[in-house]
Amino acid sequence: MFRKMRRFKQQISEKECISVLKNETRGVLSLIGDEGYPYGIPMNHFYCEEDGKIYFHGAKEGHKIDSIKKNNKVCYTVFDKGYRKENEWSLNVKSVVVFGKISLVEDEEKAKEICTALCKKFTDDEEYLKWEIEHSLPRVQCLEIEIEHMTGKLVNES
């Protein structure tokens, strides 16, 4: 069902893909939007090793939610900051492309766990976290991707 990677010599392992998902904070969530147009939106994410899912949070309504309700198939793309080898100008970048089905998280306790994990990717300020959960959680819609296919590669931009 899913295509094999054409440039297979650049393919990275599943373990390396998961490392990119765990360590990077942002990616682009691609959905089928209005009138069948692609809709890609930058998102913060949390990869949960326990269940192998990717989690997000956002508003309870809008283009993203409308698109998900019409078609739950998505693509999520993440890439790292890259690195340069000594005395080389070219950047080496790892990227991960995930295909899966996205759904709304309806369980409030699960939403609290997701929001807490997302917040902890950015800060360890417990007071800020407590305030955010208390004041923002009722207005937040959490989302989860059940991964169906994942590939990653290391590209040298020379």
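Which residue in E2 is the bridge partner of Val-28? The legends below take that up first, then move through the rest of this predicted model.

**Figure 1. The E1–E2 hairpin, close up.** The answer is Pro-42, which sits across from Val-28 as its bridge partner in E2. The two strands, E1 (26-32) and E2 (38-44), run antiparallel and share 7 bridges. Between them are 5 residues, and Glu-35 in that turn shows a positive phi of about 60°.

**Figure 2. The whole chain, for orientation.** Zoom out for a moment before the next close-ups. The chain has 4 helices and 7 strands, laid out from the N terminus as α-β-β-β-β-α-β-β-α-α-β. Its C-alpha atoms fill a box of roughly 50 × 40 × 25 Å along the principal axes. Of the 158 residues, 39% count as buried. If you look at contacts with a separation of 6 or more, 72% of them come from residues 24 or more positions apart.

**Figure 3. The largest nonpolar core, with 23 residues.** Leu-29, Phe-56, Tyr-76 and Ile-145 have the most contacts inside this core. Plenty of elements chip in: H1 (14-23), E1, E2, E4 (53-59), H2 (63-70), E5 (73-79), E6 (92-105) and E7 (140-156) each supply at least two residues. H1 gives the most, with 4 residues.

**Figure 4. Ile-145 and its neighbours.** Setting aside residues up to four places away in sequence, Ile-145 touches a good list of partners, including Leu-29, Phe-56 and Tyr-76. Also on that list are Lys-53, Ile-54, Val-74, Val-98, Gly-100, Lys-101 and Ile-102. A second core, separate from the one in Figure 3, has 13 residues, among them Cys-48, Val-105, Leu-129 and Cys-142.

**Figure 5. Helix H3 and what it packs against.** H3 covers residues 108-120, so 13 residues by count, and spans 18 Å from first C-alpha to last, close to the 18 Å expected at 1.5 Å a residue. At its N-terminal end, Asp-107 acts as the cap: one of its side-chain oxygens lies 3.3 Å from the backbone nitrogen of Glu-109. The buried residues of H3 are Ala-111, Ile-114, Cys-115, Ala-117, Leu-118 and Cys-119. Those buried residues pack against E2, E3 (46-48), E4, E6, H4 (126-136) and E7.

**Figure 6. Cysteines without partners.** How many disulfides does the count come to? It comes to 0. Take Cys-17: the closest cysteine sulfur, in Cys-75, is 13 Å from its own, so that pair is too far apart for a bond. Cys-17 is buried too, at a relative accessible area of 2%. Cys-119 is in no disulfide either, with the nearest cysteine sulfur, that of Cys-115, 8.7 Å away, whereas the cut-off for a disulfide is 2.5 Å. Cys-119 is buried as well, with a relative accessible area of 13%.

**Figure 7. Gln-10, in the segment before H1.** Is Gln-10 buried or exposed? It counts as buried because its relative accessible area is 19%, and the cut-off for buried is under 20%. Leaving out neighbours within four places in sequence, Gln-10 is in contact with Gly-152, Lys-153, Leu-154 and Val-155.

Conventions. Residues numbered from 1 in each chain as written. Predicted model: local features only at pLDDT ≥ 70, side-chain atom pairs only at ≥ 80, totals over all residues. Heavy atoms only, no water. Core = buried A, V, L, I, M, F, W, Y, C linked by side-chain atoms within 4.5 Å. Buried < 20%, exposed > 50% of the residue type's maximum accessible area, 1.4 Å probe, protein only. Contact = heavy atoms within 4.5 Å. Polar contact = N/O pair within 3.5 Å; in protein donor to acceptor, adjacent residues only side chain to side chain. Pairing = 2+ DSSP bridges.
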